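Good morning, everyone, and thank you for making the time. I would like to walk you through one structure this morning, starting from a single detail and then stepping back to the whole chain.

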Amino acid sequence: MSFDPDIDLAPYIDHSLLIPTATLEHVDHWCAETQRYGFASVCVYPVHVKRAVENLHESPMAVSTVIGFPTGADTSASKLFAAQEATENGATELDVVINLGWVKSGQLEQVHTELAQIVEATGQSVKAILEMALLDESEKRLAADVCMEAGVSFLKTSTGWHGGATVEDIRLLKQIARGRVGIKASGGIRTPAQAMALIEAGATRLGTSRGPDILRQRTAEPQLTD
């Protein structure tokens with residue numbers, strides 16, 4: 001497969017800063033890179049949303065944040081509060097980790113209710129993080145369907161804490177979604193070849209902390225094929 005050299009990767013990328021030791025200086029730097037390269041958004045922890053909004057207030061780039069990260073095992077009330085607070089602070093995209101225990105035990109109605117409440121209360125773009133490395137195919141399909149029924153805007157593969165995005169999972173989500181929602185690949189994306197393979201499989205957004213390096217690699221190296 002050959003990769004299209006004309007596809008601009010930058011608008012696909014959520015420039016993610018999700019290390020536990022992130023400082024205000026890190027946030028400022030990530031926001032500056034988001035503006036410089038034209039990434040879709042900067043993704044930060046809720047505590048840093050206000051700072052990111054201040055940095056990007058005159059740019060078209062979004063500020064996204066994570067809710068229930070990385071386990072998804074917070075109470076629904078705490079997730080809802082966090083989502084509402086993040087929205088009040090200026091976040092316009094919310095990456096919400098679903099409750100995997102509920103999926104495993106067949107409590108899909110709770111998954112639906114939790115996400116639907118966040119979607120309705122915030123009015124923002126919600127990306128449901130499925131953590132697909134921890135689910136079997138039947139669970140992936142059930143979880144994806146429930147998330148879409150709840151009104152999410154994206155299905156997202158993973159937090160990156162339990163394995164990264166795979167082409168196979170992106171193809172599966174594309175098949176399930178049938179164009180109804182976006183598909184975000186996240187975790188372990190380090191090279192232009194990986195990014196392009198995921199996009200060609202159906203990803204409409206990429207979550208990575210290595211966006212600038214991926215773009216530099218693409219400029220410096222000959223176009224890759226496999």
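**An aromatic cluster and its surroundings**

Let me begin with three residues, Y45, F69 and W161, which together form one aromatic cluster. Please keep in mind throughout that what you see is a predicted model.

A pair of aromatic rings is described by the distance of the centres and the angle of the planes. The structure holds three aromatic pairs, and I will take you through two that belong to this cluster. Y45 and F69 make an edge-to-face pair, with 6.0 Å from centre to centre and 75 degrees between the planes. Y45 sits in the loop between β2 and α2, while F69 sits in the loop between β3 and α3, so this pair ties together parts of the chain that are 24 residues apart in sequence. Both of these residues, Y45 and F69, are buried.

The other pair I want to show is F69 with W161, again edge-to-face, where the centres are 5.9 Å apart and the planes meet at 85 degrees. Here the link is between distant parts of the chain, 92 residues apart, since W161 belongs to the loop between β6 and α7. How do the two partners differ in their exposure? F69 has a relative accessibility of 16% and therefore counts as buried, whereas W161, at 47%, counts as partly exposed.

There is one further point at F69, and it concerns the backbone. The peptide bond from F69 to P70 is cis, with omega near 5 degrees, and P70 lies in the loop between β3 and α3.

**Backbone angles elsewhere**

That brings me to some other backbone angles, for which a general reminder may help: most residues other than glycine have a negative phi, and most peptide bonds are trans. Against that background, E131 has a positive phi, near 50 degrees, and it is found in the loop between β5 and α6. R178, in the loop between α7 and β7, likewise has a positive phi near 50 degrees. Which of these is buried and which is exposed? E131 is buried, with a relative accessible area of 1%, while R178, with 62%, is exposed.

**An enclosed helix**

Let me turn now to helix α8, which spans residues 192-201 and has eight of its 10 residues buried, so that it is largely enclosed by the rest of the structure. The buried residues of α8 include P192, M196, L198 and I199, along with several alanines such as A193 and A201. What covers them? The cover includes α7, β7, β8 and α9, and if you follow the chain beyond α8 you arrive at G202, whose phi is positive, near 135 degrees.

**Two helix positions at the surface**

For contrast, I would like you to look at two positions that are partly exposed. Q35 lies in helix α1, residues 24-37, and its relative accessible area of 38% makes it partly exposed. Leaving aside its neighbours within four places in sequence, Q35 is in contact with N55, L56, S59 and M61. The C-alpha atom of Q35 is also 8.6 Å from that of P60, although these two residues are 25 places apart along the chain.

L142, in helix α6, is partly exposed as well, with a relative accessibility of 42%. From C-alpha to C-alpha, L142 is 8.0 Å from L108, and the two are 34 residues apart in sequence.

**The whole chain**

Finally, let me step back to the chain as a whole, which has nine helices and eight strands. Its radius of gyration is 17 Å, close to the 17 Å that the globule rule gives for 226 residues, so the chain is as compact as a globular protein of that length. Taken along the principal axes, its C-alpha atoms fill a box of roughly 50 × 40 × 30 Å.

Of the 226 residues, 53% count as buried, and the chain exposes about 10100 Å², with carbon and sulfur atoms supplying 51% of that area. Among contacts between residues at least 6 apart in sequence, 69% join residues at least 24 apart. As for charge, there are 19 positive and 29 negative side chains, and the centres of the two sets lie 3 Å apart.

How values were computed: Residues are numbered from 1 along each chain as its sequence is written. This is a predicted model: local features need pLDDT of at least 70, side-chain atom pairs count only at pLDDT 80 or more; totals for chains, interfaces and linings use all residues. Side-chain values use heavy atoms; hydrogens and water are left out. Helices (H or I, at least four residues) and strands (E, at least two) are DSSP runs, numbered from the N terminus. The radius of gyration is taken over C-alpha atoms; the globule rule is 2.2 Å times the number of residues to the power 0.38. Buried means under 20% relative accessible area, exposed over 50%, partly exposed in between (1.4 Å probe, protein chains only). Contact means heavy atoms within 4.5 Å. Accessible areas come from the Shrake-Rupley method with a 1.4 Å probe; for residues, only the protein chains shown count as cover. Lys and Arg count as positive and Asp and Glu as negative; His and the chain ends are not counted. The place of a charge is taken as NZ of Lys, CZ of Arg, CG of Asp or CD of Glu. Rings of Phe, Tyr and Trp (its six-membered ring) pair if their centres lie within 6.5 Å; planes under 30 degrees apart count as stacked, over 60 as edge-to-face and the rest as tilted.
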